[in-house]
Amino acid sequence: MTSALALLGGKPVITEDTAHFSWPPLTDQTVKAVLGQLNESISIYDRSGVIAQLEDALRDYFGVRHAVLTSSGTAALHSMYAACRVRAGDEIIVPAYTFFATVTPLLHLGAVPVLADCDADGNLDPEDVARRITERTYAIVVTHMWGTPADVSALRGLADEHDIRLLEDASHAHGATVNGRKAGTFGQAAAFSMNGPKPLSAGEGGCLLTDDDDTYHLALLHGQYNKRCRNELPPEHRLYRYAVTGMGLKHRIHPLAASIALDQLGHLDEHLAGRERIATHLCEHLDDLPGIAAPQLGTDRRSSWYGLILQYRSDELGGLPVERFYNALQVEGCRELDRPGSTSPLNLLPLFQEPGPLFPELEGKFSYRPGDFPRAEMVHNNTLKLPVWHREEDMPLVDSYIEAFRKVTEHYGDLLG
Ligand SMILES: *Cc1c(COP(=O)(O)O)cnc(C)c1O
């Protein structure tokens, strides 16, 4: 039997050999910024130079009182939890479906992660969160998965009702909004990654945002000891005498990374607008195809489109397994189509099944198992992720991706049996 499908010997839709997607967009201006910084200073101990410029720019962009730059998103999360006074034994409700670094810093503080399931979008489900609140619950942490804001008003309501904290991991969602308000401004504090592929990239870096002065000062004590603490904590602060050592961790960002992020931040809204156009185009065309459900955001939420998350529905394609469908698209040339691996339900990872060998003090404190979070596992298993391009000149490639999807869904019968 012959088939048009490339997997079965036909001609692939996409034959471009060059990279299909690259991020972040580095320009001559980026190079100039980095070289300028290289000549100026490559080690900054206080809130000056490019550190102050980027923190000020982030404060303006998000409309918050304080920003603290860090060496990574993981470090920002660690500082956020420490600054919010998470203690050993505290129960922290976290998404079962997130990147594990949302949660791993909590383990270093001895806190107990209480996983909660997601909704059909892959975002934290407020109803499941509500069921898991106990008298030991200290905070709820939400990740805006793949850039699409979670149901922050319901989560905020729960946090207020139970007098607990809402904290955000906005590492996918720089510039995403709910009713015009930016992700990262809904809780007591928010942490962002600025790692390579994130919507706002420093190459490596992170930041923490908060309106709360005490959270800010504690974040400085956690990861930015000595000069920043001596300069920025008010001398009458109850912890000022610890300014030299702080809590002794060093989470400072590299000035060259800060200069990259400062350059990128100047273009973030333009990048997001470009992504929005292309994501809308992709969703319109892909959602019409059998076997594919594109996200439905409505008018109140704007995503940063860190990824376009399609849900595969094998029942609409005669039970064709997702793996086979995915392979067929790969062979059609959709090299950027991905089935995310490390961003997966946390209950599938050994660390959340048996933390004891790595964290002896957490031995027996929690033990998750496959099957514990059916929705997270279903969403994860059926996720096909596309990057979202932002330039008009990417449109022909975007259209050929759509064409490849159309071709495979039209000929899916050839892949059965
Ligand atoms: C990338 C990421 C992190 C970790 O950030 P790093 O900068 O890589 O340390 C944490 N949470 C989420 C949701 C992420 O995507």
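This report describes the two largest pockets of a predicted model.

**Largest pocket**

The volume of the largest pocket is about 520 Å³. Its lining is made up of 33 residues, and those closest to the centre are W146, H172, P197, K198 and Y306. Three secondary-structure elements, α3 (73-83), β3 (97-99) and β15 (383-386), each contribute at least two residues to this lining. The largest share is that of α3, with three residues. Because domain 1 (28-265) and domain 2 (268-415) both give residues to the lining, the largest pocket lies between them.

**Second largest pocket**

The second largest pocket holds about 360 Å³ of space. Among the 22 residues lining the second largest pocket, A120, D121, A293, I309 and Q311 are the closest to its centre. Two or more lining residues come from each of β13 (308-312) and α13 (374-381), and β13 gives the most, with three residues. The second largest pocket also lies between domain 1 (28-265) and domain 2 (268-415), since both supply residues to its lining.

**Composition of the linings**

The table sets out the lining residues by class.

| Pocket | Nonpolar | Polar | Charged |
|---|---|---|---|
| Largest pocket | twelve residues | 13 residues | eight residues |
| Second largest pocket | twelve residues | six residues | four residues |

In the largest pocket, the charged class accounts for eight lining residues, and K198 is one of the residues closest to the centre. In the second largest pocket, four lining residues are charged, and D121 is among the residues closest to the centre.

Conventions
Residues numbered from 1 in each chain as written. Predicted model: local features only at pLDDT ≥ 70, side-chain atom pairs only at ≥ 80, totals over all residues. Heavy atoms only, no water. 1 Å grid on protein atoms, 1.4 Å probe; cavity = no way out; pocket = protein on both sides within 12 Å on 5 of 7 lines; lining within 4 Å. Points joined across faces, edges and corners; volume = space filled by probe spheres on them. Helix = DSSP H or I, 4+ residues; strand = E, 2+ residues; numbered from the N terminus. Nonpolar A, V, L, I, M, F, W, Y, C, P; charged D, E, K, R; others polar. Domains from an automatic or database assignment.
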